[in-house]
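Me: I keep meeting labels such as "buried" and "salt bridge". Can we take this structure and check how each label is earned?

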Amino acid sequence: MICLGIEGTAHSIGVGIIRDMGGKCEVISNVIKIYHPEKGGIHPREAANHHANHIADLIRESVEKAQIDFTNIDLISFSNGPGLGPCLRTAATAARALSLSLKKPIMGVNHCVAHLEIGRGTLRDCMDPVLLYTSGANTQVIAFAEGRYRVFGETLDIGIGNCLDKFGRSVGLEFPSGPKIEKLASLGKEYFELPYSIKGMDIAFSGLLTAAENFYSNGEKLEDICYSIQETTFAALTEVTERAIAHTEKDEVLLGGGVAANKRLRDMVQTMAKERGASFFVPSKDLCIDNGAMIAWLGVLMYNSGIRMKVENSFIDQRFRTDMVDVSWRD
Ligand code: AMP
Ligand code: MG
């Protein structure tokens, strides 16, 4: 089975084509265009216009790169939430148009669950992980328990990527600021104490963000502040992930989301996994960030488990939560 997946929950519009290799996923193409606001954060309407401008070309490009014909596609899948309304509607509209014109079934899939399934689908020995999902808008620790992907811990305010981007914006770094902060942090030497807020299994970042901005206004070195932000936020994320592993008694950790590109985060989580005797997994960068291939793969899993969706019922849900999905493809 070959599936084309469309991702468009936030700043990226991506199209991926995958082939089901009997339970494992072969990515045959995965193309993406990322919206960069001229200034400030993501404006949902502008991001949606960006997606609308690029989607047709991306679909053509993905089919060319996959070296297939449109008639070879068996299923169209798209991310139907969570995300920004105008962006979700743009991706859904493209998926519906494609489904109707190719006369192929459509499947709306949960974006967060797709981040986890692409790890299981493409990485050898990654079977039942605890996922630390760290992206711009989302930050969650997710694992499978009793028929659903449960959220064991999550941010109470902003996502970790958002926290980095907001700090970057207030000190004049370009969007996305995560990679720039990583570079600056590697030059930092002095650690400033920042609020480390974990409540139960949940995390909050906005207090830390304000404190970091205050250090900057007080003239402290940007490199040191970046270093302190990374050390504090990543330690908190690692702590919650470790507690989820202990609670679920799983022995695999998977990273996902754009912030998973960060070497310091990877190192911290990997060290924790090693100390617990757990395996550590991280997909290649193009599968960590928001991408169409993961959406295509989850579409296949759902379709193969018997789920069907009609175009007229292919709704989007801005607040589609991870634990709302009935995971019928796992036992
Ligand atoms: P996503 O929302 O999953 O597409 O991820 C985008 C987020 O990842 C943005 O907030 C970026 O700032 C962040 N990001 C990308 N690369 C890095 C990096 N090397 N270190 C930290 N954050 C990063
Ligand atoms: Mg994402």
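Reply: Yes. Keep in mind that this is a predicted model. Begin with Asp128, which has 25% relative accessibility.

Me: Why is Asp128 called partly exposed?

Reply: Compare its value with the cut-offs. Buried means under 20%, and exposed means over 50%. Asp128 has 25%, so it counts as partly exposed.

Me: What makes Arg330 and Asp128 a salt bridge?

Reply: The distance and the atoms. An Arg side-chain nitrogen must lie within 4 Å of a carboxyl oxygen of Asp or Glu. The closest N and O atoms of Arg330 and Asp128 are 2.8 Å apart. Therefore the pair passes. The two residues come from distant parts of the chain, 202 residues apart. Arg330 sits in the segment after α10, and Asp128 in the loop between α3 and β6.

Me: Is Arg330 buried or exposed?

Reply: Arg330 is buried. Its relative accessible area is 15%, and the limit for buried is under 20%, so the label holds.

Me: How do you know that Lys250 is buried?

Reply: By the same limit of under 20%. Lys250 has a relative accessible area of 13%, so it is buried. Lys250 lies in the loop between α7 and β11.

Me: What makes the link between Lys250 and Asp128 a polar contact?

Reply: Their side chains are joined at 2.9 Å. The cut-off for such a pair of N or O atoms is within 3.5 Å, so the distance fits. Lys250 also touches other residues, including Pro129, Val130 and Phe144.

Me: Which residues make up the salt-bridge network?

Reply: First, one more bridge. Glu231 and Arg264 have their closest N and O atoms 2.7 Å apart. Glu231 is in helix α7 and Arg264 in helix α8, 33 residues apart. Now the network: shared partners join Asp128, Lys250 and Arg330.

Me: Why do Glu231 and Arg264 get two labels?

Reply: Glu231 has a relative accessible area of 17%, which is under 20%, so it is buried. Arg264 has 32%, between 20% and 50%, so it is partly exposed.

Me: What about Glu26 and Arg19?

Reply: Their side chains meet in a salt bridge at 3.3 Å, N to O. Glu26 is at 30%, so it is partly exposed. Arg19 is at 29%, so it is partly exposed too. In total, the structure holds 12 salt bridges.

Me: What makes a residue a donor of the magnesium ion (ligand 2)?

Reply: An N, O or S atom within 2.8 Å of the metal. The protein donors are His111, His115, Tyr133 and Asp290, lying 2.0 to 2.4 Å from the ion. Those distances are inside the limit, so the four qualify. His115 is in helix α3 and Tyr133 in strand β6, 18 residues apart. Both His115 and Tyr133 are buried.

Me: How do you know that Val259 makes a polar contact with ligand 1?

Reply: A backbone N or O atom of Val259 lies 3.5 Å from an oxygen atom of ligand 1. The cut-off is within 3.5 Å, so Val259 just counts. A polar side-chain atom of Asp165 lies 2.6 Å from a ligand 1 oxygen. For Gly161, a backbone N or O atom is 3.3 Å from one. The protein covers 91% of the 510 Å² of accessible area that ligand 1 has on its own.

Me: How many residues surround ligand 1?

Reply: There are 17, and Ser135, Gly136, Asp165, Glu182 and Gly258 are the closest.

Note on methods: Residues numbered from 1 in each chain as written. Chains lettered and ligands numbered in written order. Predicted model: local features only at pLDDT ≥ 70, side-chain atom pairs only at ≥ 80, totals over all residues. Heavy atoms only, no water. Helix = DSSP H or I, 4+ residues; strand = E, 2+ residues; numbered from the N terminus. Buried < 20%, exposed > 50% of the residue type's maximum accessible area, 1.4 Å probe, protein only. Polar contact = N/O pair within 3.5 Å; in protein donor to acceptor, adjacent residues only side chain to side chain. Contact = heavy atoms within 4.5 Å. Donors = N, O, S within 2.8 Å, 3.2 Å for Na, K, Ca; no water. Near = heavy atom within 4 Å. Areas by Shrake-Rupley, 256 points an atom, 1.4 Å probe, with all protein chains shown as cover. Lists of a residue's contacts leave out its neighbours within four places in sequence.
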